[in-house]
Amino acid sequence: MLLVRNLGRAPLVGCRGFASKLKKPVILPNYIRVRDLAKKLKVPVDEVAKAACRKHYRKYYMTHNGVEYKFETLKQIILPFDAAARIAAQHNALVVYDKVEPDAVGKHDIPHDKRDMCQTRPPVIAVMGHVNHGKTTLMDTLRGTNVADYEVEGITQKIHVCATDLNFETPATFLDTPGHFHFTRMRNNAAAVADVVVLVVAADEGCLLQTEESIGCIEDLGVPTVVCINKMDKATPATLEAVEKEVRGYVALEHSPVLPISAKHGTNLDELKDKILAILPDIDLTAYYGTKGGDAQGTALEIVASIGMGTVIRVMIFHGLLHPKDHFICGMIHGVVKTIRNANGDVVPVASPGQVVDVTFKNISRHKDAPLEFGFHVVSQTRAEEIVEQREMDMDFQASAVPTETPEDDVDEEPLPTKGFFGAPIVVKADTAGSLTSILDTVDSMPLIHTAHVGLGNITTKDIERGCTIFGFGVRAHARERRLAAQENIKIVLRPTVHELLEEINLLQDAEAAKVDADDDDGPEL
């Protein structure tokens, strides 16, 4: 905590001294409501509001860092830390800053006071490459499964986790990433937490679009890479040599080991493990384990709406130990861990660094959809409630900003329609947050489409009541919802692959464009 006092401003003239009342320091977080600050300072709430805002037509206005904010009622007024600290200083209060928000923790971020409780964790290996080049088949061969046989159109559309051993003393976690071009963000998320990347290139096709995209990600992140030329059983030596030469043409891979393999038949997979093991001594795999748990830190790789289990968070553990009954924060979700499942789907009593586990939980907060690309922090129940409150106030404070008017000289004669207020509204539902994000990355670029609602899980009556077309990937619409949709004349479009769903949304975009063109043709002639 940081002590702050008398922030460049003397007490107001005529202001009563409250030093005798305030025997303890006033603890202030990043945001605080005026009524809470007044309670801490033991002064009337109107006095705090008057010092922070000006009142005009029963509304409250405040200027902070050159931006004006408007609050409808006294209860809605939110003060950022520096504004609250100045008011507290005017009342001769000693201010103590409480950050509340947990620090973003990476896999190499270890506090100095915890260095003596560190061990070597298992490496995390991301498998990347173009679609249908054999990434999932490689994972199936390593773990003895047949996931690839059950994938729709043979396309991976989510991150699969494979736990296996590189040798008798080195376990490893493999992340199988989607190769389709719509899943760029999901691939990058996996590569960002990986210690090593295995880039799979098919011998019969060479480096294609998503291969090059993966190589760009490898170059940006500087991740050590092993290149596997797959389907060697179908290629001639001359073909393998040509593909290796093509791979070497990329600067990021010119010094990477290249190995021909057959994922289907398991050829050279032991050599692949040896290549990975040869890289590991140069990688820092140190992680804080602790002793009692209750301090696990990680990141959410995927959020899954699972039938029978509710929302499941797929978590990569960076540091600490995760146990059932731990309170955690993930985005706007405050949850209590119910079960922990490893990569094989088995319930385990604890998760440790280097592992990717599926966490079921009891949701304590009122927020339902857990977000992707957010840190996962185990904290106390009280702290979790404070973090969620601060994040809610942050959003409310930003939403209260008064929009600035654009000068007339800067306004185009034909302004573009504002995204979200023009075109056809749609509802998008998906089974995982990664898939939902991949869909929205494309939908957000469609100017004549805006999303009225997005979420995880099956189609619900609330989705239908929104009165617009519903698009779903990996989800269901039960008989009751289908009957309601028919009665309300609401179209529900469900598709088994992301690219098919996006094709349907694009058809709606084309229909909206045709309507706009028709309206332009019917307009009055000047």
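Which side chain does the side chain of Asp195 make a polar contact with? The partner is the side chain of Lys107, at 3.5 Å. Keep in mind that this is a predicted model.

## The setting of Asp195

Asp195 sits in the loop that links α5 (184–193) to β13 (196–202). With a relative accessibility of 3%, Asp195 falls under the 20% cut-off, so it counts as buried. Once neighbours within four places in sequence are set aside, the residues in contact with Asp195 include Lys107, Arg121, Val124, Val223, Ile283 and Leu285. Prolines turn up there too: Pro122, Pro123 and Pro224 are also in contact with Asp195.

## Another buried charge: Arg391

Helix α9 (residues 381–399) is where you'll find Arg391. Its relative accessibility is 12%, so Arg391 counts as buried. The side chain of Arg391 makes a polar contact with the side chain of Glu101, and the distance is 2.4 Å.

What else does Arg391 touch, not counting residues up to four places away in sequence? Besides Glu101, the list has Pro102, plus a run made up of Ile329, Cys330, Gly331 and Met332.

## The chain as a whole

Zooming out, the protein chain has 13 helices and 26 strands. It is 526 residues in length, and 48% of them count as buried. Take the contacts between residues at least 6 apart in sequence: 72% of those join residues at least 24 apart.

## Two nonpolar cores

The largest nonpolar core is made of 39 residues. Those with the most contacts inside it are Ile313, Leu322, Phe328, Ile426, Ile439, Ile449 and Ile505. Why does this core lie between domain 3 (289–395) and domain 4 (424–517)? Because both domains give residues to it. Apart from it there's another core, this one of 30 residues, including Ala52, Tyr69, Ile77 and Val95.

Two members of the largest core deserve a look. Ile313 belongs to strand β18 (residues 310–319), and at 0% relative accessibility it counts as buried. Its C-alpha is 8.2 Å from that of Val357, with the two positions 44 residues apart in sequence numbering. Ile426, leaving aside neighbours within four places in sequence, is in contact with residues including Val443, Cys468, Thr469, Phe471 and Leu508. Ile449, His450, Thr451, Ala452 and His453 are in contact with Ile426 as well, and so is Ile505.

## A β-α-β crossover

Strands β25 (residues 469–473) and β26 (residues 492–495) are paired in the parallel sense, with four bridges. On β25, Phe473 stands opposite Arg495 of β26. To get from β25 to β26 the chain goes through helix α12 (residues 479–487), and the resulting β-α-β crossover is right-handed.

## How helix α4 is packed

Which residues of helix α4 (residues 135–143) are buried? They are Lys135, Thr136, Leu138, Met139, Asp140 and Leu142. The buried residues of α4 pack against the strands β10 (124–129), β11 (160–167), β12 (170–176) and β13, and against helix α8 (269–279).

## A hairpin and some unusual phi values

Strand β5 (residues 59–64) runs antiparallel to strand β6 (residues 67–71), and five bridges join them. Thr63 has Glu68 in β6 as its bridge partner. Two residues lie between the strands of this hairpin, and Asn65 takes a positive phi near 55°. As background, most residues other than glycine have a negative phi.

Two more non-glycine residues have a positive phi: Tyr57 at about 50° and Val100 at about 65°. Tyr57 is in the loop between β4 (54–56) and β5, whereas Val100 is in the loop between β8 (95–97) and β9 (118–120). Are they buried or exposed? Tyr57 counts as exposed, with 70% relative accessibility, while Val100 is buried, with a relative accessible area of 7%.

## Lys50 on helix α2

Helix α2 (residues 45–52) holds Lys50. At 71% relative accessibility, Lys50 counts as exposed. The C-alpha atoms of Lys50 and Tyr60 are separated by 9.3 Å, and the two residues are 10 apart along the chain.

Notes. Residues numbered from 1 in each chain as written. Predicted model: local features only at pLDDT ≥ 70, side-chain atom pairs only at ≥ 80, totals over all residues. Heavy atoms only, no water. Pairing = 2+ DSSP bridges. Right-handed = clockwise from strand over helix to strand, strands pointing away. Core = buried A, V, L, I, M, F, W, Y, C linked by side-chain atoms within 4.5 Å. Buried < 20%, exposed > 50% of the residue type's maximum accessible area, 1.4 Å probe, protein only. Domains from an automatic or database assignment. Contact = heavy atoms within 4.5 Å. Polar contact = N/O pair within 3.5 Å; in protein donor to acceptor, adjacent residues only side chain to side chain.
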